[in-house]
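Ready for a few exercises on a protein chain? Have a look at the sequence and the model first, then try each task before you read its solution.

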Amino acid sequence: MMFWYHHGMGGWAWFAMTFGMILFWVLIIIAVVLLLRAFGRSHPAGGRPPAAPGWPEPGSSSAERILAERYARGEIDDDEYHRRLATLRGTPPGSAEP
């Protein structure tokens with residue numbers, strides 16, 4: 001019975017096959033990660049929806065977020081929301097963004 005030892009395949013061939021297989025799996029993993037990152041970004045802000053005009057940004061102070069939540073729940077009206085938001089931001093009450 002003839003085995004394929006030393007018939008044209010030296011040590012470099014085994015190295016090339018091993019390197020090729022590792023390279024193959026690395027490329028597959030990179031492709032999967034890039035696809036997941038590409039499809040995971042549905043919003044321009046890195047996965048978060050942008051804030052509506054006049055609403056605090058996601059990274060703003062907790063007081064502005066609490067105020068926005070109270071306004072969204074209907075606990076305070078438009079005038080009170082804008083007045084308190086202007087107070088928090090240190091601007092005159094009439095110049096708050098609508």
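Below are five exercises, each with a worked solution.

Before you start, note that this is a predicted model, where local features need pLDDT of at least 70, side-chain atom pairs count only at pLDDT 80 or more, and totals for chains, interfaces and linings use all residues. Residues are numbered from 1 along each chain as its sequence is written, and side-chain values use heavy atoms, with hydrogens and water left out.

**Exercise 1. The overall layout**

Find out how many helices and strands the chain has, and what share of its residues counts as buried.

Solution. Start with the elements: there are three helices and zero strands (DSSP runs numbered from the N terminus, H or I with at least four residues for helices, E with at least two for strands). Read from the N terminus, the order is α-α-α.

Next, turn to burial. Buried means under 20% relative accessible area, exposed means over 50%, and partly exposed is in between (1.4 Å probe, protein chains only). By that rule, 12% of the 98 residues count as buried.

Then take the surface: the chain exposes about 8,200 Å², and carbon and sulfur atoms supply 68% of that (Shrake-Rupley method with a 1.4 Å probe; for residues, only the protein chains shown count as cover).

**Exercise 2. The core**

Work out which residues make up the largest nonpolar core, and which helices each supply at least two of them.

Solution. First, the members: the five residues are Leu67, Ala68, Ile76, Tyr81 and Leu85. A nonpolar core here is a set of buried Ala, Val, Leu, Ile, Met, Phe, Trp, Tyr and Cys residues joined through side-chain atoms within 4.5 Å. Second, the helices: H2 (62-73) and H3 (78-89) each bring at least two residues to this core.

Now zoom in on Leu67. Setting aside residues up to four places away in sequence, Leu67 touches Ile76, Tyr81, Arg84, Leu85 and Leu88 (contact means heavy atoms within 4.5 Å).

Finally, follow one of those contacts to Arg84, a residue of helix H3. Arg84 and Leu67 are 17 residues apart along the chain, and their C-alpha atoms are separated by 7.9 Å. With neighbours within four places in sequence left aside, Arg84 is in contact with Leu67 and Arg70.

**Exercise 3. A nonpolar patch**

Locate the residues that form a nonpolar surface patch of about 990 Å².

Solution. The list is Trp12, Phe15, Phe19, Ile22, Leu23, Val26, Leu27, Ile30 and Leu34. Patches take residues with over 30% relative accessible area and no salt bridge; like charges are joined within 9 Å, and nonpolar side chains (Val, Leu, Ile, Met, Phe, Trp, Tyr) within 5 Å. Pick Phe15 from the list: this residue lies in helix H1 (residues 11-40), and its relative accessible area of 52% makes it exposed.

**Exercise 4. Aromatic pairs**

Classify the pair of Phe15 and Phe19: which kind is it?

Solution. Begin with what you need to know: a pair of aromatic rings is described by the distance of the centres and the angle of the planes. Rings of Phe, Tyr and Trp (its six-membered ring) pair if their centres lie within 6.5 Å; planes under 30 degrees apart count as stacked, over 60 as edge-to-face and the rest as tilted.

The whole structure holds three aromatic pairs. For Phe15 and Phe19, the centres are 6.3 Å apart and the planes sit at 15°, so this pair is stacked. The two are four residues apart in helix H1, which means about one helical turn between them.

Compare Phe24 and Trp25: with 5.2 Å centre to centre and 75° between the planes, they form an edge-to-face pair. Phe24 is partly exposed at 42%, and Trp25 is partly exposed at 48%.

**Exercise 5. Salt bridges**

Which parts of the chain does the salt bridge of Arg89 and Glu64 tie together?

Solution. The search finds four salt bridges (a side-chain nitrogen of Lys or Arg within 4 Å of a carboxyl oxygen of Asp or Glu). In this one, the side chains meet at 3.5 Å, N to O. Arg89 lies in helix H3 and Glu64 in helix H2, so the bridge ties together parts 25 residues apart in sequence. Glu64 is buried at 9%, whereas Arg89 is partly exposed at 35%.

Two other bridges to check: Arg70 meets Glu75 at 3.0 Å, N to O, and Glu80 pairs with Arg84, with the closest N and O atoms 2.6 Å apart. Glu80 and Arg84 both lie in helix H3, four residues apart. To finish, trace the network of salt bridges that links Arg70, Arg73 and Glu75.
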